[in-house]
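Trainee: I am new to this structure and would like a close look at a single part of it. Please take your time over the answer and connect that part to what lies around it.

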Number of protein chains: 2
Amino acid sequence: MAPKVMQLLESIEAIVGENGIFEDDARGVGAIVRPASSDQVSRVLKLCNDAGQSIVPIGGNSTMVQGTHRGRGELALSLERMSMIEEIDTESRTMTVQAGAKLQDVQEAAEKNGFFYPLDIGARGSATVGGNIATNAGGNRVIRYGMTREQIVALEVVLADGTIIPMQGKALKNNTGYDLKHLFISSEGTLGIVTRAILRLRTLPTSQCCGWVSVPSFEALTKLLTFVEGFSQGMLSSFEVLWAEYYEFITGPSCPHSPPIPYGDPYTVLIETQGMNQKENTSSFEVMLSEAFSEGLISDAVIAKNMAERDRLWAIRDDVNQAIQLAPIWAFDVSLAINDMEAYVDEVKTALNERWSKNSLFTYGHLGDGNLHLLPAVGDGSNETRIAIERIIYEGIRKRNGSISAEHGIGHHKTAWLSYTRTSVEIALMKKIKQTLDPGDILNPGKIFGEDPCTILTE
Amino acid sequence: MAPKVMQLLESIEAIVGENGIFEDDARGVGAIVRPASSDQVSRVLKLCNDAGQSIVPIGGNSTMVQGTHRGRGELALSLERMSMIEEIDTESRTMTVQAGAKLQDVQEAAEKNGFFYPLDIGARGSATVGGNIATNAGGNRVIRYGMTREQIVALEVVLADGTIIPMQGKALKNNTGYDLKHLFISSEGTLGIVTRAILRLRTLPTSQCCGWVSVPSFEALTKLLTFVEGFSQGMLSSFEVLWAEYYEFITGPSCPHSPPIPYGDPYTVLIETQGMNQKENTSSFEVMLSEAFSEGLISDAVIAKNMAERDRLWAIRDDVNQAIQLAPIWAFDVSLAINDMEAYVDEVKTALNERWSKNSLFTYGHLGDGNLHLLPAVGDGSNETRIAIERIIYEGIRKRNGSISAEHGIGHHKTAWLSYTRTSVEIALMKKIKQTLDPGDILNPGKIFGEDPCTILTE
C-alpha cells in the first residue's frame, strides 16, 4: 500500500480505534472503516475529502445492482457499529435509530412496543435502515404504506466534507424551506452518509386475510384492483400478480409448491388485507371475493384458513430463487403505467421469441404500484446476450415513459441505461446537485452516473 | 418605467401575446405575465434570467405568509391561462393537469370520474395546484392521505434559465437517482416554476361518519388518537382538536354556533372516518365511541345523524375567521411532537398572562400530524407586540425541536425566524442549492431566506 494511503489509514484508525478499521488487502480494496458515532463519521469523511479518497458506504450488502461495488483502493464505510435503537416514542409514534440498525430489529422493536414498521423486504435480516434509505427500498406492502421514503420523519446526514446535517424534530409536518431529507433518500450514498433516522410507526394490525385468485383478462385485473381497494376500505396491504408462465413454473413439477388454484387463466393474484378484527375481516374478505366472482373479475379463488395456509401462499410468492434453475437468468425491476403493462409484457415476450426460439419470461409484480419484475432466460449468459436482453426490456420502458428501476436503484449495474428513464436535462441537474454536495466526488463514485454510460451501448 | 424594463416587457409580450401581460403600474410592481404554455414560461424565464429581472410566481393568492410579496419592479408570473385538466387516467389512477388549475376543479373532475383527490383546504376555490405544490399544502385530511407532497406522481418544472425539466411517467415507483420533484415541492417558487403535474387519485369514499367528543385530559387525548386510529382500521380521515378556550369562544354567545357538547373538559375533538359502506361504518363508529367512553378516554360524544348535522360540526371547526372579532390577532401554524404539546401550550399561555393581564389564546389543530394553530390576541397590534408574541410562540418551538411552520411555509413573513427551526448548516445547504439552481436569484427573491434574517430580532 502506498505510504500516502498508509498515512490516511493511520489517521482514520486514530479516530475510529483499532476495532474500527480492517484492512482488506486480499481483495485489493483498501479497507473497511467502521465508525462508532456520527462524530467519527464526520471526522473520517473530512479526512477522506481532504485527501481525495473515495468512500463506498455499505449496509447489509443485499443490493441487486452492485450499489456497493468497490474499485481498487476505495474505502468501504460500514455503520455496523452504529446499530442502536435509541428511542421509541409511543406518543409521537416514532422510532429513532442509528442507520446501521437492521430492518428486522426495527420491525421487532416496533412490535414489542405495540406498533408496526411496515417496510418489509426479503433481506430484512441483513439489510440496514441506512441501506433502505439510500435505496428507497420498497417491498410487498407499498400499496398501503408507501416505500421507505414515506416512513422517514427526519434524517441526520454527514456530507462529504464532514458537515453534519442534524436531524429535524419528530413533527410529520414541517414546511420551512427545502425538505432536504428527500434529496438523500434514494441517492444511493452519493450525496451524504445517513447516520441516524427518525422512523414513523403505524398501528399494529391484529388481523389479516390472504387469498389467491385467478383472473381471466388484464382488463379484469385492473378492475379487480380498483374493486378490492374500494371494498377493503383502506385495509388492502398486498396485491401481487403472477403472469401465467411464472405461476405455472413456480407451482410446477420442478418446484416444491403445488398450485393453490388450477391453471388456465393468464393471471393469478395474491391478495392480503390487514385490519384489527379477524372475524369481521374474514367475513368481509369472503364477501369481497364472492362479489368479484359474480362480476366476472375472478374465475377461481382460495382463501387461507389459518396462518399456516397464509404462509404457504406467501412462500409461493417469495420463492423467487427457484428461477435460478433456469440460469443464466436476469432479474429486471421496472415500473410503468398499469394500462401499458399488458402490451409491454407481450412485446417483450414476442421480441424474445423472435431471437431465441427457446426462452422463458417470468413476470410478477406489485400491480398497484406499477412495478413489474421480469426474469428472462434464453439459455445463454454472454455479455452480448445480456446487452441484447437489457435493450429489449428497457426499450419498451423508454417508449412508455416508465422507469428502468422501480425499487432496486441504479447502482453500478444500470448506469449505462439511466438515460432511458431520465432525460439529459434531469441527469445534468442531478450531476449539478452531486457537484454541489460532493465536489470531490468521493462518495460512492461511479454509482447512478457511470464513468461512460454509453460504453456498453455502442457494442 | 425605465427604457430597459420597457424593452424587456416588449420582448415578453412578443412571447406571451397581448393578453399575456398586464402592466401593473398603479401598484408600482412592474407587470403581471400570463404565459399560455410551458414553452412560453421557459422563454420568459430565459429572458428575465439574462436581464437579471426578478419574477414572483403567483397562484390563487391565498398565502398566509406573504409568499407572493412583490417589491418594486418585480414581475408577477401567473399560470391562470394554464389551467387545463389534460388527462384522467382511470387505470393508472392519475390526473395530469397544468399548474394553474384550481384545486376545486381538480377535486370535482376526480369525483366526476369516480375518484377522489384528497387534498382539501379552505381556499380550494381560488388556490391552484401549482400553489399547493410550491407550498406543500396540508389541510384536514393529512392524517390519512398526507400533504400535497404525497399526492404528486410527477412534475414538469421550468428552471430560472428556461430549462424545462420534463415530467416523468405515471409510475409511483421510480428509483433512478435523485427524486428531483421533492426539491421543488415546498420550495415556494424559489427553485423553479412548476408548470404541470401528474396527481395521484384515490378511491372515492362513499360513506362518512362524523362525531364531536369531549376529552378529560391530554393523556386521554393521545390514547384516544391511538385507539381511534386502530379501531377504524385505516378509515380515520380527520382528528381535529380544539382547546377549551377556543371551543368556548367559537360556540359561545359572540359566534353563530351552539356547542355540540357541554363545556367542562380541556379538549374536544371532531373525528371523521371515510369508508365505502355507510351502514357498517355507522355501527362501527358508534361502537368505537362507546368503547372509548368505557375506557374513560372521552366523557361525552355526539354523532352526526345526517349530512346536515355533519356540515354543522364542520362549520364550527372551519369558522376560524370569527377570531377576527378579537383583532388585532395573529395566526401561527407550528408543529411539534405530540407529547410536547400540552406543556408547550401551557407555557405560551403563562407567558402571555405574565405580560398582558388581558389576553386570549385560541388553540386548535390536527393532533395526529403534530400540527397546532395558535391565535393569540392581547389587545395591541404594534410591531413591538407582534415581535414579542412571535418570540414567545417560536422560543417554545425552538427548544422543543419543532417547526415554526407546519403548513403555511416561510414566505416573506417568517424569514426572520427560519433559524429557529432549521440549523445554520441546513440553511447554508439550502442556500447552496438555491445558488446552484437559480444563480441570478431571480425566482421569488426574499422568500424563505430573508435579506437580513436578524433585523427584526435585534429590535
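Where in chain A is Asn136(A) found?

Mentor: Before turning to that residue, please keep in mind that the model in front of you is predicted. Asn136(A) is found in the loop of chain A that runs between helix H4 (129–135) and helix H5 (142–145). What draws attention to Asn136(A) is its backbone, for it has a positive phi of about 50° although it is not a glycine. As a point of general background, most residues other than glycine have a negative phi, and most peptide bonds are trans. Is Asn136(A) buried or exposed? Asn136(A) is buried, because 24 other C-beta atoms lie within 10 Å, and a residue needs 20 or more of them to count as buried.

A similar case can be found in chain B, where Ser186(B) has a positive phi of about 75° although it is not a glycine either. Ser186(B) lies in the loop between helix H6 (181–184) and strand S10 (193–200) of chain B, and it is buried, with 26 other C-beta atoms within 10 Å.

The peptide bonds deserve the same attention. In chain A, the bond from Ala327(A) to Pro328(A) is cis, with omega near 0°, and Pro328(A) lies in the loop between helix H10 (307–318) and strand S16 (332–335) of that chain. In chain B, the peptide bond from Ala327(B) to Pro328(B) is cis, with omega near 0°, and Pro328(B) is found in the loop between helix H10 (307–318) and strand S16 (332–335) of chain B.

To place Asn136(A) in its wider setting, look next at how chain A is divided, namely into domain 1 (3–78), domain 2 (85–203), domain 3 (207–318) and domain 4 (322–457). The C-alpha centres of domain 1 and domain 2 of chain A lie 23 Å apart, and the contact between these two domains takes 14 residues from domain 1 and 19 residues from domain 2. On the domain 1 side of that contact, H2(A) gives the most, with seven residues. By class, the side of domain 1 of chain A that touches domain 2 has four nonpolar, eight polar and two charged residues.

H2(A) is also worth following in the other direction, towards H1(A). As general background, two packed helices are described by the angle between their axes and the distance between the axes. The axes of helix H1 (residues 3–16) and helix H2 (residues 38–51) of chain A come within 9 Å and cross at roughly 165°, which means that H1(A) is roughly antiparallel to H2(A). H1(A) passes H2(A) in a right-handed crossing. Leu8(A), Ser11(A), Ile12(A), Ile15(A) and Val16(A) are the residues of H1(A) that meet Gln40(A), Arg43(A), Val44(A), Leu47(A) and Ala51(A) in H2(A). Sorted by class, this contact of H1(A) with H2(A) has seven nonpolar, two polar and one charged residues.

Beyond the single chain there is the contact between chain A and chain B, which takes 67 residues from each of chain A and chain B. On the side of chain A that touches chain B, the elements that give two or more residues are helix H6 (181–184), helix H7 (218–231), helix H11 (338–355) and helix H13 (424–437). The largest share of that side, seven residues, comes from H13(A), and the residues of that side divide into 24 nonpolar, 32 polar and 11 charged.

H13(A) packs with H13(B) at an angle of about 140°, with their axes 10 Å apart, and this makes H13(A) oblique to H13(B). Their crossing is right-handed. In this pair, Lys432(A), Ile433(A) and Thr436(A) meet Lys432(B), Ile433(B) and Thr436(B), so that by class the contact of H13(A) with H13(B) has two nonpolar, two polar and two charged residues.

Finally, the loop of chain B between helix H12 (383–399) and helix H13 (424–437) is the place of Gly411(B). Gly411(B) counts as buried because it has 22 C-beta neighbours inside 10 Å. Not counting residues up to four places away in sequence, Gly411(B) touches Thr63(B), Val65(B), Gln66(B), Gly67(B), Glu188(B) and Lys447(B).

Terms used:
Residues numbered from 1 in each chain as written. Chains lettered and ligands numbered in written order. Predicted model: local features only at pLDDT ≥ 70, side-chain atom pairs only at ≥ 80, totals over all residues. Contact = placed C-beta atoms within 7 Å. Helix = DSSP H or I, 4+ residues; strand = E, 2+ residues; numbered from the N terminus. Nonpolar A, V, L, I, M, F, W, Y, C, P; charged D, E, K, R; others polar. Axes fitted to C-alpha atoms, helices over the stretch in contact; angles between N-to-C directions. Parallel < 35°, antiparallel > 145°, perpendicular 65-115°, else oblique. Left-handed = near helix turned anticlockwise from the far one by under 90°. Domains from an automatic or database assignment. Buried ≥ 20, exposed ≤ 12 C-beta atoms within 10 Å, placed from the backbone.
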